[in-house]
Each structure stands twice: as structure tokens, then as C-alpha cells.
Amino acid sequence: MTALLATIPSPDRGVWYLGPLPIRAYALCIIAGIIVAIWWGERRWVERGGIKGEVTDIAVWAVPFGLVGGRLYHVITDNQKYFGPGKNPLAALEIWNGGLGIWGAIALGAVGAWIGCRRKGIPLPAMADALAPGIVVAQAIGRLGNYFNQELYGGDTTLPWGLEIYRRVTPEGREDALAGVAIDHTPIQVVHPTFLYELLWNLGVALLIVWADRKFRLGHGRVFALYVAGYTAGRFWIELMRTDEATLIFGTRVNVFVSALVFFGAVAYFIIARSRGEREDVAALRGTTEPVEAAEAETEDVTEAKAEDEVEKDKKDSPESVKPE
């Protein structure tokens, strides 16, 4: 009884209904994380010499790309959940039921950010450094969604911070861990809360990169590289603890290998980029990457000027323009 009282209870549900409208805790956590990342990124960007509002402009591109990339990575690496005998391929589109792969979110989100930065004439590495702490805190907030969904936990444990898992059922009596409600709060399992381990780790990474950035004036994408290295170092050992279904390579979860590869890549970039010196001056760099809008406007001006010159030349060369002596 003492051990049971020391454990962490799970929420009895992850979905509430406002009339026919479902309010999903997972979606709310993702939205809250995005808001925090944009708010903090905006503050850091202005402090580094950027213009207020530019982070929001970049987010318009980065967030949709990131969500699509995260879902694609999840569906590809966990394709057995959606494809095959008895599976529903359309469930791959149900992002509200959980399932976003951080690797795909970062990769495709970076593509969206690059497009946004190019259109604004902003160097991507400088923007990535400003956004890095907010991104990892957003990941921490997103992990709370896994808590409400009763997912992404580890094996059984007797530790005092073990997580209670309840049996959730729908009004029809069908067992459903995501859409159901726990009527009986007697745990069917007490497990390692690996989502909580990652949440706390992510907050620690945020503190680390903010401290390192202030102390060493990191720039040229090195803050972002430090975030990636710190996150993957934690994800490596946390992934080994998880017991949820996953794609395996040589008997090991695929994200363990991905974590290791991305970690070494981030460390290599962090070391190589050191040769570029201290933090770049964002205001001075603004002119080095020509905005797409400015380039298009300049092209239009040149074209119009050439057209006007041609018209003037035609007037001079026309017979009407030659006066009789």
C-alpha cells in the first residue's frame, strides 16, 4: 500500500468533449510548445540584433513543414501500425492520436525555416541559434501529451516515481487507451515514466545551451548543434528503456541508431564551426543573404528601366522624329 501511494497517477483520460468537439490534451500540448518556442525565439532573436516579428514570419513556414515531417517520420518508422492485414492506412493521417517523430520534424522544419529565412534575407544558422532553447522546451511540453495519452513508457518498476497505467474504456465498453476513460483507478501496471525522463532531460539541455551561449557567445549554428547533441545523448538511453512497439534493426529500436548518428554529426559540426569565430552580428549579416522579395523587386525595376530605354530609342529612330531642314 505504501509503494502504491508513492507512485505517479495517470490522468483518467486524454480527451474531453465540448459538445461534439473533442479537446485533445496531446494537441493542446503541441500548440503550447509551439507558442513558447516562437515567443522565446523572438526574444532571443531581437537580443542578437534581429527585427521583432521575423521569428513569427519564419514560423509560418517552419511549423507546417515540421508537423508534416514529424508525422512522415513516425509513419515510415512505425509503418506496421498503419499498413498490412487488418490495418487502416487512413489512421496515418490522425495526428491527434499521437505520433510525431522529432527527427522528421527537425529535418523538414529546417527546410521550411530555410525557405522563410531566404525570403527574408536572414542567415539560417543565426536564426537556428536563436530558436534552439525554445525548440527543446517545446519538446518537453509536448511530452506532457504522452502523459495524457498514457503512452511512451518503459518497463515495470517498483521505484517511488513509477507511473500508474489504467485500463481505459469507451462508453460502449471497448478498451481504448487514447479515447477511453479510466473508470477503475487500480493500476494494471506501474512503469518507468520515460516521457518524464525525457521532459526533464530536455529542460536540462535548455539550461545548458543558454548558459553556454551566454558564456562563450556561440554563433554560426553552434547553439543549435549543441542542442541536437544534448538532446540525442539523452534520447539514446531513454529510447533503450521504452517498451512500446517500434521498428527494430538487429533487435534494437531504430531511434537508438538514429540518435547515435545524429549525435556524432552534431558534435562534428559544433567542432568544425568553431573556426568561424564568435557569434555573428545579425544586423551586419542581413545584407549578405538577399531577400527573395527584394531580388524580385530589383529584377522588375531593371526590366521596367530597360523597357523604358527601348521605347525612348524607338522614338528617336522613328521617321517622325527626323525634322526636315
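In this predicted model, helix α4, spanning residues 102-120, packs against helix α7, residues 222-241, at an angle of about 165 degrees. The axes of α4 and α7 lie 13 Å apart. Angles over 145 degrees count as roughly antiparallel, and α4 and α7 are therefore roughly antiparallel to each other. Their crossing is left-handed. On the α4 side, the contact is made by Ile102, Trp103 and Ile106, which meet Phe224, Tyr227, Tyr231, Thr232 and Arg235 of α7. By class, six residues of this contact are nonpolar, one is polar and one is charged.

Helix α4 also packs against helix α5, residues 124-149. Here the angle is about 145 degrees and the axes are 12 Å apart, with a right-handed crossing. From α4, the residues involved are Ile102, Ile106, Ala110, Ala113, Trp114 and Cys117, while α5 contributes Leu124, Met127, Ile135 and Gln139. The contact of α4 with α5 holds nine nonpolar residues and one polar residue, with no charged ones. Readers following along in the structure may like to start from Ile102 and Ile106, as both take part in the contact with α7 and in the contact with α5.

A further helix pair is formed by α2 and helix α3, the latter covering residues 54-77. These two helices pack at an angle of about 145 degrees, and 10 Å separates their axes. The crossing of α2 and α3 is right-handed. Ile30, Ile34, Ile38, Gly41, Glu42 and Trp45 of α2 make this contact with Glu54, Val55, Thr56, Ala59, Val63 and Leu67 of α3. The residues of the contact comprise eight nonpolar, two polar and two charged.

Helix α2 takes part in a pocket as well. The second largest pocket encloses about 180 Å³ of space. Its lining is made up of Trp40, Arg43, Arg44, Glu47, Arg48, Val210, Asp213, Arg214 and Arg279. Two elements, α2 (25-47) and α6 (194-216), each give two or more residues to this lining. Of the elements, α2 gives the most, with four residues. In terms of chemistry, seven of the lining residues are charged and two are nonpolar, with no polar residues among them. For anyone setting up calculations on this region, the charged set includes Arg43, Arg44, Glu47 and Asp213, and the nonpolar pair is Trp40 and Val210.

Conventions:
Residues are numbered from 1 along each chain as its sequence is written. This is a predicted model: local features need pLDDT of at least 70, side-chain atom pairs count only at pLDDT 80 or more; totals for chains, interfaces and linings use all residues. Side-chain values use heavy atoms; hydrogens and water are left out. Axes are lines fitted to C-alpha atoms, for helices over the stretch in contact, and angles run from 0 to 180 degrees between N-to-C directions. Angles under 35 degrees count as roughly parallel, over 145 as roughly antiparallel, 65 to 115 as roughly perpendicular and the rest as oblique. A crossing is left-handed if the near helix is turned anticlockwise from the far one by less than a right angle, and right-handed if clockwise. Contact means heavy atoms within 4.5 Å. On a 1 Å grid over the protein atoms alone, a cavity is a set of points where a 1.4 Å probe fits but cannot get out, and a pocket is an open set with protein on both sides within 12 Å along at least five of seven lines; lining residues have an atom within 4 Å of a point. Grid points are joined across faces, edges and corners, and a volume is the space filled by probe spheres set on the points.
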